[in-house]
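Visitor: Hi, I have a structure open and would like some help reading it. Could we go through it piece by piece?

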Amino acid sequence: MHVVTLDDPSDTAEWRAKARTLLLADVDPADVEWRTGASGGLFGEDAPLPPPVRETTPAVPRAFLGLADTVLAHRDPRRHATLYRMLWRMTHGEKALLRIATDDDVAWAHTCIKQVNRDMHKMKAFVRFREVPLGDATIYVAWFEPEHDIVARVAPFFVRRFTGMRWSLLTPSRSAHWDGETLSIGPGASRADAPSDDALEDLWRTYYASIFNPARLKVDAMRREMPVKYWKNLPEARLIPELVRDALPRMQAMVKNQPTVPRKKITPLQKAAVDAPEGSIAALRRQARDCRACDLWKPATQTVFGEGPVHARIVVIGEQPGDQEDLAGKPFVGPAGKLFDRALGEAGVERDALYVTNAVKHFKFEPRGKVRLHKRANAEEQAACRPWLAAELDRIQPEAIVCLGAMAAQAVFGASFRLMQQRGEWLDLPDGRRAMATVHPSYLLRLPDHEAREAGYADFVRDLSLMHDVLG
Ligand code: URA
């Protein structure tokens, strides 16, 4: 039995280096005992591993590296051994292992990913920074108790959101610090290190009370989204009983008052979220089959709903299904889909890691003899379909969105978005996510000459490669 001790049980680079050494030495997973800093070390240094029997490790799907990075943040002590077994199996004849959703190891990994992503989502939503004067400066400190070791993975989100502030994010196992320029990860802290009360709390409470809409009050959903265990760190949670009690009178008062036009600019998707249907992705898919929000359903064969992992880190949004998608009931399976797949392959991104959907879910066409000629959905049809897209994004909670073509980009960024000027870069959305737009593959297929097509395709692949900023 070979004992391998990890100093940092969640560090992907350390696990990868050790797993690589084991693989090069052809060490069977059954012969490895993984220990971590706390459990290892009792018996001194690990015995040296056998020497390598090969020079390089066989190629591993890129998706596995992303998967391993997320799974390593999980606190399940079996993670190092299970990931090494998966790596071993993929390099010993089971290359397509990740596609077998029913495999025990793969299913376990997906459960871990789901739990880690959910924990990250909660941290992004419920961390509250408190103001602490420090000499002439002000720093902001937050305390949070995540279930998994996610601080280093969530910290870049807070860097993007609070770039101009100096802050520290404290948790029992690690802390993250941003000084306006550099992000550093340090040891854990205790709750006492974080200030407990200050002026910001009142601000939060006022803000929360003002966004609280009694007409949409659903206590169960609130509990689910904001589990009671997080309430102790949330100043606004103190308001909840009061807000719930006052909900009916406030709703009656709202009905009496004249509606006011919101002054703040919101994106089309935020607007559509108000009417978004409820339920899981599978439930949404079922409901969307009977959508009658516009007339596109009449001549179409079926609704083409999004497809992909329900906790995908990236959602890709196309424009509307074409002829083949309408027949197959799946997005991006026709010529544009084939080009998209090829470009993804060249960018080294697994389509299986993405949730792929469209801004409009029905094929719009004009019959010409035996052919159905593609027609662009008009503004009303696009708007009618938007609540579905808003609901998909709400359920999946991706870290990032990639828009293919102007229709998708304008649904996400608003009508003033200019695709050719703003393509190929991550932009921050009001909800803290990032999104990027690139051209639609059908645009490339329509380019008249070979040279323009080649250049356009190379740019498209370059844009898609930016997904590695998210997927790792
Ligand atoms: N074009 C799109 O925008 N979506 C599809 O699903 C197919 C072609």
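Visitor: Let me start with Gln382: which residues does it touch, leaving out those up to four places away in sequence?
Guide: This is a predicted model, so everything I tell you is computed from it. Leaving out residues up to four places away in sequence, Gln382 touches Val360, Arg376, Ala377 and Met407.

Visitor: Where does Gln382 sit, and is it buried or exposed?
Guide: Gln382 is placed in helix H15, and with a relative accessibility of 13% it counts as buried, because the cut-off for that word is under 20%.

Visitor: How far is Gln382 from Glu319 in space?
Guide: From C-alpha to C-alpha they are 9.2 Å apart, although Gln382 and Glu319 are separated by 63 residues in sequence.

Visitor: Let's stay with H15 for a moment. Which core does it give the most to?
Guide: H15 gives 7 residues to the largest nonpolar core, the most of any element. That core has 37 residues, and the members that touch the most others are Ile317, Ile401, Cys403, Val412 and Phe413.

Visitor: Which other elements give two or more residues to this core?
Guide: Besides helix H15 (379-396), the helices are H11 (268-273), H12 (281-288) and H16 (406-413), and the strands are E8 (314-318), E12 (400-404) and E14 (434-438).

Visitor: Why would such residues sit together at all?
Guide: As a general tendency, nonpolar side chains in soluble globular proteins are buried together.

Visitor: And what does Ile317 touch, again without residues up to four places away?
Guide: The contacts of Ile317 are with Thr357, Asn358, Ala359, Leu389, Ile401, Val402, Cys403, Leu404, Ala408 and Val412. Among these, Ile401, Cys403 and Val412 are also named with Ile317 as the core members that touch the most others.

Visitor: New topic, empty space. How many cavities of 30 Å³ or more are there?
Guide: The structure holds 1 cavity of that size, and the largest cavity has about 60 Å³ of space.

Visitor: What lines the largest cavity?
Guide: Its lining is made of Ala288, Cys291, Ala293, Cys294, Thr303, Lys361, His362, Ala384, Cys385 and Trp388. By class, the lining of the largest cavity has 7 nonpolar, 2 polar and 1 charged residues, and H15 gives the most to it, with 3 residues.

Visitor: What about the second largest pocket, how much space lies there?
Guide: About 830 Å³ of space lies in the second largest pocket. Its lining has 30 residues, and those nearest the centre are Leu67, His110, Pro309, Asp352 and Ala353.

Visitor: Which helices each supply at least two residues of that lining?
Guide: They are helix H2 (62-71), helix H4 (104-126) and helix H20 (468-471). Sorted by class, the lining of the second largest pocket has 14 nonpolar, 9 polar and 7 charged residues.

Visitor: Which domains does the second largest pocket lie between?
Guide: Domain 1 (2-121) and domain 4 (268-471) both give residues to the lining, so the second largest pocket lies between them.

Visitor: I also noticed Phe332. What is its phi?
Guide: Phe332 has a positive phi of about 50°, although it is not a glycine. In general, most residues other than glycine have a negative phi.

Visitor: Where is Phe332, and is it buried or exposed?
Guide: Phe332 lies in the loop between helix H13 (323-328) and helix H14 (335-347), and with a relative accessible area of 5% it is buried.

Visitor: And what is the phi of Gln397?
Guide: Gln397 also has a positive phi, near 50°, and is a residue other than glycine. Gln397 lies in the loop between H15 and E12, where it is partly exposed, with a relative accessible area of 29%.

Visitor: One more residue: where is Phe158, and what does it touch?
Guide: Phe158 lies in helix H5 (residues 151-161) and is buried, with a relative accessible area of 1%. Not counting residues up to four places away in sequence, Phe158 touches Met123, Lys124, Val127, Phe129, Thr163, Trp167 and Leu169.

Visitor: Last one, for the whole protein: how many helices and strands are there?
Guide: The protein has 20 helices and 14 strands, and buried residues make up 47% of its 472 residues.

Notes: Residues numbered from 1 in each chain as written. Predicted model: local features only at pLDDT ≥ 70, side-chain atom pairs only at ≥ 80, totals over all residues. Heavy atoms only, no water. 1 Å grid on protein atoms, 1.4 Å probe; cavity = no way out; pocket = protein on both sides within 12 Å on 5 of 7 lines; lining within 4 Å. Points joined across faces, edges and corners; volume = space filled by probe spheres on them. Helix = DSSP H or I, 4+ residues; strand = E, 2+ residues; numbered from the N terminus. Nonpolar A, V, L, I, M, F, W, Y, C, P; charged D, E, K, R; others polar. Domains from an automatic or database assignment. Buried < 20%, exposed > 50% of the residue type's maximum accessible area, 1.4 Å probe, protein only. Contact = heavy atoms within 4.5 Å. Core = buried A, V, L, I, M, F, W, Y, C linked by side-chain atoms within 4.5 Å.
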